[in-house]
Structure formats: structure tokens, C-alpha cells
Amino acid sequence: SRRVTVRDLASAKQRGERWPMLTAYDAPTAAVFDEAGIPVLLVGDSAGNCHLGYENTVPVTMDEMVMMSAAVVRGTKRALIVADLPFGSYQESPAQALHNAVRLMKEAGVGAVKLEGGERSAAATELLVQAGVPVMAHLGLTPQSVHAFGGYPVQGRGDEAAHQLLADAKTAQSAGAFAVVLEAVPAELAVQVTASLHIPTVGIGAGVGCDAQVLVWTDMAGMTGGRVPKFVKQYADLRATLGDAARAFSADVIGGSFPAAEHTFH
Ligand code: KIV
Ligand code: NA
């Protein structure tokens, strides 16, 4: 059985079929999602705050992305694996973007890369697509710009911002992107963008009118410590489950009831 391809995602839009995407940062978690039938897994630079313990996505390096992406590829059989180009790995020049995208394809084995920005990343997108690298664009709240935004505010509010976001989406499509993530934008604008593009939109905090939806896996599974954004739905409480397991193990060790006879060699 082959992996999902960008062509499959183009056909899904034509047939009006929605699809889910989740982030993954390691092999065993990616294997769980692959076996659950999630068709697209994103090795997001959200690993910065969700997996590597950084404050945000800004410090994430290419070496870290390659290591995590290779693990996710090794852990999966069917999903299309998309890897983020981290902050500073594509903004210098299209040549820099191609160099780093090629690393993710050759060293990690991913099937596509994602980068933030529409017009500002169009030249890089064009070069990557010409070279045979499928590119997913990311518009709206682009977390690598956290310091410029002064936080994580909703994007695309007001006529001018909405017009700019729509223009960015069309530019990403013209540059050859196969899909566009829309993060934290009003649902009405996401519907308008989705109707204006022939490539799929992938929403996160962008309403139900997108072609696909993505969530950060640690958010949706209850592994994220502290507060999560309004757009997250929590489908499990893994922090509580793992905490209970750790406390039970601890109690067994302290009380001398682990290991029992069945765990013991003679
Ligand atoms: O890094 C990430 O997890 C992302 C998604 C939120 C789209 O870019
Ligand atoms: Na990201």
C-alpha cells in the first residue's frame, strides 16, 4: 500500500471530501495516527513549544526538524508526511529554502514541506515546486512571527486585512502550493478563501468551512500543559492518564508490590 500523495488531496477537494491532519513529532505517536487512518501528518515546528520545551517555535533548528521528521517517516506507512521549514531556514533566499527543503526530503524522507507566508514566500515556493518539492503554505496567524505580532492575535479582521489574506492565498496557489493552512482567521473569510482556491484549505481556528482541519496533537489529546487556544477541542486527557500511570508505578515500587512473581526471572 502506497502513501497518500498531494494528488490524492487535490482529488479530495474535487469530490468535496474533508480530511483531518494532525501534528506528530516522534515515531510511536505517528504510528498511532497512521494506524488510525489520519492521511496527512505534519511535523510542525509547534514541536518547539509542544515537544522540545521551548517558549515558542522561533528557536527550532533544521537539525531538530530533520531528526523529528525522520522518526515520523520511520513510524508510518501510509500518511503523507509534511515537515515545517523552521524560522530562519527559508527567509534568506529561495536558494536557502531549497537547500533546507532538500535536506528534509533526502535526510528525513518527507513528502512535502510547509512554510509561512503568501507573497513574502512566493519566490521560495516557486523554486521548490519547480524542483519537485510539494509546498504547503501557512497564512493568517503565522507563529514564527510571534515577536512581530506581539502575541497570537486573530488575523484577517477588517476589510484590508481580509483582502490581503485572500491575495496571499491566491499568490501561494499561483506559486504552486498544493494546500494552504489558514490559522486563526474569521470563519467567513476562510469560507471565501476556500471558495476562491482550487487547492485545499486546511483550517486551524478558521471555522468548519475549510476543506481540511488540523490540530496540534498534544492539544487535542490533552498532553499540553497550561492553557490551550479557544479553537482546540480536547479528545482525550493523556496528561491525567500518564500521571495516574506514573503515580501507580511509584506507589508499587515504594510499597514493594512491583515487580511481582510474573515479572520476575529465576
Ligand atoms: O507547527 C504546527 O503545528 C503548525 C500547525 C498548527 C498548522 O504549523
Ligand atoms: Na508550524
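**From a helix pair to the core and the sodium site**

In this predicted model, the axes of helix H4 (residues 62-74) and helix H5 (residues 94-108) come within 9 Å and cross at roughly 35 degrees, and the crossing is right-handed. On the H4 side the contact is made by Met62, Asp63, Met65, Val66, Ser69, Ala70 and Val73, while H5 contributes Asn100, Arg103, Leu104, Glu107 and Ala108. Sorted by class, the residues of this contact are 7 nonpolar, 2 polar and 3 charged.

Leu104 leads from the helix pair to the interior, since together with Val113 it is one of the residues with the most contacts inside the largest nonpolar core, which has 38 residues. Two or more residues of this core come from each of helix H2 (27-35), E2, H4, E3, H5, strand E4 (112-116), helix H6 (122-131) and helix H10 (217-220), and it is H4 that gives the most, with 7 residues. Leaving aside its neighbours within four places in sequence, Val113 is in contact with Leu104 and also with Val82, Ala83, Leu85, Ala101, Leu128, Val133, Pro134, Val135 and Met136.

The last stop is the sodium ion (ligand 2), which is coordinated at 2.3 Å by the OD atoms of Asp45 and Asp84. This pair links distant parts of the chain, 39 residues apart, with Asp45 in the loop between strand E2 (40-43) and helix H3 (47-50) and Asp84 in strand E3 (residues 80-84). Asp45 has a relative accessible area of 4% and is therefore buried, and Asp84, with a relative accessible area of 3%, is buried as well.

Key. Residues numbered from 1 in each chain as written. Chains lettered and ligands numbered in written order. Predicted model: local features only at pLDDT ≥ 70, side-chain atom pairs only at ≥ 80, totals over all residues. Heavy atoms only, no water. Donors = N, O, S within 2.8 Å, 3.2 Å for Na, K, Ca; no water. Helix = DSSP H or I, 4+ residues; strand = E, 2+ residues; numbered from the N terminus. Buried < 20%, exposed > 50% of the residue type's maximum accessible area, 1.4 Å probe, protein only. Axes fitted to C-alpha atoms, helices over the stretch in contact; angles between N-to-C directions. Left-handed = near helix turned anticlockwise from the far one by under 90°. Contact = heavy atoms within 4.5 Å. Nonpolar A, V, L, I, M, F, W, Y, C, P; charged D, E, K, R; others polar. Core = buried A, V, L, I, M, F, W, Y, C linked by side-chain atoms within 4.5 Å.
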